[in-house]
Amino acid sequence: MSTTTMSPFQPATMSTAQLAAVSFLARYSGRTHTLYDFQLREWFTWCEANSLEPLTGIQRAHVELYVRSLGERGLMDSSINTMMHAVRGYFRFAHIDGLISSDPAVYARLPKIHRDETRTQGLDRLELIRFLQVAQTITVHHGALAYLLGINALRASEAAAVRIEDYTDTLRGYRVLHLVGKGNKPATMPLTIPVLRVLEACRGQRTSGPLILRPLSGKRVDRRDVYRMVTRIAHAAAIPRHISPHSLRHAAITNALDAGVPLRDAQILARHADPRTTEHYDRARGNLDRHGVHFLTAYVAGV
């Protein structure tokens, strides 16, 4: 069955498999929705090419044959596992909703990923200090971006989306930043004095609107601008390797752990749902008194 009928959605003409796909995708929005939509279309296309109904009649062997086909297309093991996120979720919720009697993907064998921590390009303590210092010498916007990424461990899209109104509140004596993170999860983070200082310098006399702007045009930044700004700071700081926004998030988490932040508090800093994800970096709302940014700011005091 062609996947082209999956969008635009027409419930009256959709098959059970397509309706299950629509139901699953309705749980997500933004980039996650786009990614999962693509992954399910790939699954439907493979099933059509192999004369299989995408939902009913599927057995574990079919799922594992699909996994093998992804490998034969040249995808890396990590990419294969990523491609299977939507497929596995699709079958899991179809089973929960009673559309199929069992989940054929739950025990399907996926490639094992052996993570190489040396491939992650983070920054050590001195490099992080230098990055933060140099960023402030370029523009106030570079300085604010560096602190949001390197101290508060924001993702590139999260930093680009910060508005002045997002950090006007005070809770329990702390100025806090409200944001919506990955998976549309709201979060509240305390802003330490050094971070607040650079954010206020970036804000200037403005009272609303996007915080970080393109220095030349004055327009709000996007993810690509964030990448370019980080690259510029790293070059100016003479850091001799490629540094991305995720490198700064990685640096925030690993340096927090080095500073003595307990794993649980580092997990809150990183906003990871699973502590094993934080452990991998070794590298929601948390307790503001014990938040990792306090320890980290003290650890890199003087910036």
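**A buried ion pair, a charged network and a helix crossing**

Glu158 and Arg155 are both buried in this predicted model. Their side chains are not just neighbours: Glu158 and Arg155 meet in a salt bridge, with N to O at 2.9 Å. Side chains of opposite charge can pair when their charged atoms come close. The count for the model comes to twelve salt bridges.

As for the overall picture, the chain has 303 residues, and buried ones make up 48% of them. Its secondary structure runs to 13 helices and three strands. About 15600 Å² of the chain is exposed, with 53% of that area supplied by carbon and sulfur atoms.

Back to the charged residues, and to helix α9, which spans residues 223–236. Here Arg228 pairs with Asp225 in a salt bridge, and the closest N and O atoms sit 2.6 Å apart. The two partners are separated by about one helical turn, because Arg228 and Asp225 lie three residues apart in α9. Their surroundings are another matter. Arg228 has a relative accessible area of 52% and so counts as exposed, the cut-off being over 50%. Asp225, at 7% relative accessibility, is buried, since that value is under 20%. This pair does not stand alone: salt bridges with shared partners tie Arg214, Asp222, Arg224, Asp225 and Arg228 into one network.

Another link in that set joins Asp222 to Arg214, whose side chains form a salt bridge with an N to O distance of 3.6 Å. Asp222 has a relative accessible area of 23%, which means that it is partly exposed. Arg214 is partly exposed as well, as its relative accessibility is 30%.

A contact of another kind turns up where helix α1 (residues 16–25) meets helix α4 (residues 77–96). The two axes come within 9 Å and cross at roughly 105°. That angle makes α1 roughly perpendicular to α4, because it falls in the range from 65 to 115 degrees. On the α1 side, the residues in contact are Ala17, Ala20, Ala21 and Phe24. On the α4 side, Ala86, Gly89, Tyr90 and Phe93 meet them. What is the make-up of this contact in nonpolar, polar and charged residues? Seven are nonpolar and one is polar, with no charged residue taking part. The polar one is Gly89, because Gly is counted as polar in this scheme.

Notes
Residues are numbered from 1 along each chain as its sequence is written. This is a predicted model: local features need pLDDT of at least 70, side-chain atom pairs count only at pLDDT 80 or more; totals for chains, interfaces and linings use all residues. Side-chain values use heavy atoms; hydrogens and water are left out. Axes are lines fitted to C-alpha atoms, for helices over the stretch in contact, and angles run from 0 to 180 degrees between N-to-C directions. Helices (H or I, at least four residues) and strands (E, at least two) are DSSP runs, numbered from the N terminus. Angles under 35 degrees count as roughly parallel, over 145 as roughly antiparallel, 65 to 115 as roughly perpendicular and the rest as oblique. Contact means heavy atoms within 4.5 Å. A salt bridge is a side-chain nitrogen of Lys or Arg within 4 Å of a carboxyl oxygen of Asp or Glu. Buried means under 20% relative accessible area, exposed over 50%, partly exposed in between (1.4 Å probe, protein chains only). Accessible areas come from the Shrake-Rupley method with a 1.4 Å probe; for residues, only the protein chains shown count as cover.
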